[in-house]
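Visitor: I have a structure to read. Please show me how its helices pack.

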Amino acid sequence: MTETVITSDKKRVVIGFEHRFVMIGERINPTGRKLLAAEMAAGDYSRVIADAVAQVEAGAQMLDVNAGIPLVDEPAILAECIKLVQSTVDVPLSIDSSIVAALEAGLAVYKGKPLVNSVTGEEERLEQVLPLVKKYGAAVVAISNDETGISEDPDVRYGVAKKIVERAADFGIPREDIVVDPLVMPVGAINDAGRKLIYLLRRLREELKVNTTCGASNFSFGLPNRRGLNASFLPMMIGAGMTSAIMNPLHLEDIQAILGADVVMGADPNCGAWIRKFREPAPEGGAGEGGRGRREGGRRRAREQA
């Protein structure tokens, strides 16, 4: 099966159907975060560093880094953020920008093999971004929209993804370095968005044989109890073939849902990640649950033998 390898200078992450689902932390993004945007624009990156540490501690295997602030030198700020984040945490990064010069600035300072976020099926964008991906040996997120916009028809979105994979091959970029974003639609606006996405994910996995990602929170946009809905959405998408998501790893409901799905899919050998995350600590001065179980079992056998 297809494996997409992303690295930092210290750690290697594999996105793939037979591997654990990859959580890409989304919080280093000033969009909609006025305080973070103001701090970054002023050269204060303390919140960026704090967000990086918090997301990795919560379980993110990768981080998305975005510096999209109006009227600033985005290439310089993005490059500085990448250097600081890489010096703070060891996980690989997704370099996120709609500005090609910012992507190149980030790629130039990155240590390892990053994920570039992103390229669409628009021909101009393909001609600008794919040469950079090839030049720096990166992987890239392929978003399933083009000059015609975002189609509600999953077969049209599949066709756009296929086009990007084929155009990437023209630049010498292999299929395993393409991570398709099939575009998650808000189910509050499009009632069958989930069913169509499941259909599309299966096609992408079985026919195009590519790994996938998404902006997970888009699905619940505008609805109450968004965390509860996202926690239902994510395991079903994992079962259909989604292999990563750009998301907030600080939401425990999402973490539980993803780690549980890894167990169900057989991607968490011996339930190791689940146990490490949720095992209750042993009480001070005594054994934990396992110790109590062994003591109770011993007492029961003693009674049976008496």
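Guide: We will take one helix and then its neighbours. This is a predicted model, where local features need pLDDT of at least 70, side-chain atom pairs count only at pLDDT 80 or more, and totals for chains, interfaces and linings use all residues. Residues are numbered from 1 along each chain as its sequence is written, and side-chain values use heavy atoms, leaving out hydrogens and water.

Visitor: Which residues of helix H4 are buried?

Guide: An α-helix has 3.6 residues a turn, so residues three or four places apart point the same way. In H4 (residues 100-109), Ala102, Leu103, Gly106 and Leu107 are buried (under 20% relative accessible area, 1.4 Å probe, protein chains only). Down the axis of H4, the buried residues fall within an arc of 135°, so they line one face. The arc is that of the directions from the helix axis to the C-beta atoms.

Visitor: What covers the buried residues of H4?

Guide: The cover includes helix H3 (74-88), strand S5 (93-96), strand S6 (115-119) and H5.

Visitor: At what angle do H4 and H5 pack?

Guide: Two packed helices are described by the angle between their axes and the distance between the axes. H4 and H5 pack at about 5°, axes 11 Å apart. That makes them roughly parallel (angles under 35 degrees). Their contact residues divide into 7 nonpolar, 1 polar and 3 charged.

Visitor: How do the axes of H5 and H6 cross?

Guide: The axes of H5 (residues 123-136) and H6 (residues 154-170) come within 11 Å and cross at roughly 40°. H5 and H6 are therefore oblique to each other (neither under 35, over 145, nor 65 to 115 degrees).

Note on methods
Axes fitted to C-alpha atoms, helices over the stretch in contact; angles between N-to-C directions. Helix = DSSP H or I, 4+ residues; strand = E, 2+ residues; numbered from the N terminus. Buried < 20%, exposed > 50% of the residue type's maximum accessible area, 1.4 Å probe, protein only. Contact = heavy atoms within 4.5 Å. Nonpolar A, V, L, I, M, F, W, Y, C, P; charged D, E, K, R; others polar.
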